[in-house]
Amino acid sequence: MTSKTSLDKSKIKFLLLEGIHPSALQVLQRAGYTNVETVSGALDAEALQQKIADVHFVGIRSRTQLTEAIFQAAPKLVGVGCFCIGTNQVDLNAARERGVVVFNAPYSNTRSVAELVLGEAILLLRGIPAKNAAAHRGGWLKTADNAFEIRGKTLGIVGYGSIGTQLSVLAESLGMQVVFHDVVTKLPLGNARQAASLQELLSVSDIVSLHVPELPSTHGMVGAAQIAAMKQGSILINASRGTVVDIDALASALTAGQLLGAAIDVFPVEPKSNKDEFQSVLRGMDNVILTPHIGGSTMEAQANIGLEVAEKLVKYSDNGTTTSAVNFPEVALPEHPGHNRILHVHQNRPGVLMAINQVFADNGINVAGQYLRTDEKVGYVVIDVDTQSSALALEKLSQIAGTIRCRVLF
Ligand SMILES: NC(=O)C1=CN([C@@H]2O[C@H](COP(=O)(O)OP(=O)(O)OC[C@H]3O[C@@H](n4cnc5c(N)ncnc54)[C@H](O)[C@@H]3O)[C@@H](O)[C@H]2O)C=CC1
Ligand SMILES: O=C(O)C(=O)COP(=O)(O)O
């Protein structure tokens with residue numbers, strides 16, 4: 001049986017960008033998806049618009065911008081896999097309005113970020129970046145001045161989510177005291193405590209580490225005033241998003257000696273590829289660790305992310321399951337042996353569900369199973385029907401006003 005929207009697995013096209021770990025390819029191939037193109041870097045908007053025209057699933061990391069214009073150029077796209085945590089690079093609403101489901105990997109690289117931050121904190125407290133840079137130039141900075149142990153120091157964690165909490169536990173194991181600030185009241189792990197405000201956290205912390213998502217509310221969250229509120233001789237670490245910190249204000253505070261050092265992994269503007277020049281006012285400051293957005297870039301994290309996200313894409317493609325989607329109603333679906341499965345994505349407005357059910361009543365189509373979830377914008381209905389009825393049902397359901405996308409799985 002065929003329809004205009006159903007495809008043989010080998011015809012479903014996956015495009016994996018940004019050097020996604022081969023574990024993803026293995027998962028896809030094992031599940032029968034052999035039409036997979038991999039690209040080692042990110043594509044600019046023009047190249048992506050061309051390439052995505054016949055793609056059903058695209059896999060990206062933090063560099064690829066999936067804008068409204070890209071979604072417009074991708075009429076066949078049904079799913080996006082962000083092989084990372086952040087989804088700020090994707091216009092999630094533009095995706096949802098087109099019935100494109102977006103998944104990410106919320107946990108797989110969290111440990112990698114937490115370990116990096118802790119390592120950087122130790123190195124900065126000892127002034128290692130500057131001592132190392134001097135030694136490379138033939139210098140010899142043997143001194144205990146401004147060199148400190150990490151035990152007993154206070155770590156201020158801004159954003160007590162998956163990464164912040166892991167960091168909290170690791171930091172306490174080294175004898176640190178942990179305070180955190182979050183917009184949500186959170187259960188403190190171990191002996192950590194939630195600060196009354198960001199201001200309070202800044203005023204008591206020897207090290208401040210940022211772990212908030214990129215949101216309008218976190219944009220410029222740490223500017224001149226917040227840095228001025230930090231303790232004299234303290235350290236700032238940012239491995240969240242480059243928009244969170246005012247880099248010029250940070251550079252001024254470092255030059256003025258108010259901060260002992262900083263470690264910055266993410267920047268307001270990052271090079272598009274490893275071949276482009278990295279530009280920052282922080283370049284040349286020996287007490288600053290500059291890393292090229294590699295907080296989550298470990299072999300372990302990348303291999304796990306490849307598995308995690310590819311499995312979500314396979315599940316969605318195979319049976320319509322949207323569990324843990326970041327922009328879409330979540331439905332966990334059983335297998336559908338002996339039946340064809342229709343996926344109907346529609347604008348969430350009164351009357352659509354009634355019209356859907358009317359199609360089955362009017363055409364004498366027996367419904368073997370029906371699942372529904374909605375959010376404020378879209379509704380997602382999954383209907384299992386007899387194999388011989390699915391073509392007619394697909395045709396009729398596609399005509400219902402408010403339908404965004406309708407397709408059938410075999
Ligand atoms: N440098 C790198 O390679 C990586 C960077 N990241 C970045 O780290 C961010 C955090 O990751 P997770 O901990 O997994 O996220 P998460 O979503 O588990 O935790 C974020 C926490 O920040 C809190 N938050 C949100 N807005 C806030 C505000 N205005 N003030 C205070 N707290 C606020 C949330 O309530 C939540 O508890 C990601 O969104 C991503 O941008 C993640 C992985 C790797
Ligand atoms: O997971 C995230 O949000 C990250 O920032 C990691 O991004 P990446 O996959 O290394 O481009």
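In this account, Ala, Val, Leu, Ile, Met, Phe, Trp, Tyr, Cys and Pro count as nonpolar, Asp, Glu, Lys and Arg as charged, and the others, Gly among them, as polar. On that basis, the shell around ligand 1 divides into 13 nonpolar, 15 polar and 4 charged residues. The model described here is predicted.

Ligand 1 is a suitable place to begin. It has 32 residues around it, of which Gly159, Gly161, Ile163, Pro213 and Gly295 come nearest. Helices H5 and H7 each supply at least two residues of this shell, and H7 gives the most, with 3 residues.

Helix H7 therefore deserves a closer look, as the element that gives the most to the shell around ligand 1. It runs over residues 162-173 and has 12 residues. From its first C-alpha to its last it reaches 17 Å, which is close to the 16 Å expected at 1.5 Å a residue.

Which residues of H7 are buried? They are Ile163, Gly164, Thr165, Gln166, Leu167, Ser168 and Ala171. Ile163 thus appears twice in this account: it is buried in H7, and it is among the residues that come nearest to ligand 1. The cover over the buried residues of H7 includes helix H5 (110-125) and the strands S6 (154-158), S7 (177-181) and S9 (207-210). Just after H7, Gly175 takes a positive phi of about 85°.

Ligand 2 has its own surroundings, formed by Arg61, Ser62, Arg63, Cys84, Ile85, Gly86, Asn109, His293, Gly296 and Ser297. The residues of this shell divide into 2 nonpolar, 6 polar and 2 charged.

Notes: Residues numbered from 1 in each chain as written. Chains lettered and ligands numbered in written order. Predicted model: local features only at pLDDT ≥ 70, side-chain atom pairs only at ≥ 80, totals over all residues. Helix = DSSP H or I, 4+ residues; strand = E, 2+ residues; numbered from the N terminus. Expected span 1.5 Å × (residues − 1). Buried ≥ 20, exposed ≤ 12 C-beta atoms within 10 Å, placed from the backbone. Contact = placed C-beta atoms within 7 Å. Near = placed C-beta within 6 Å.
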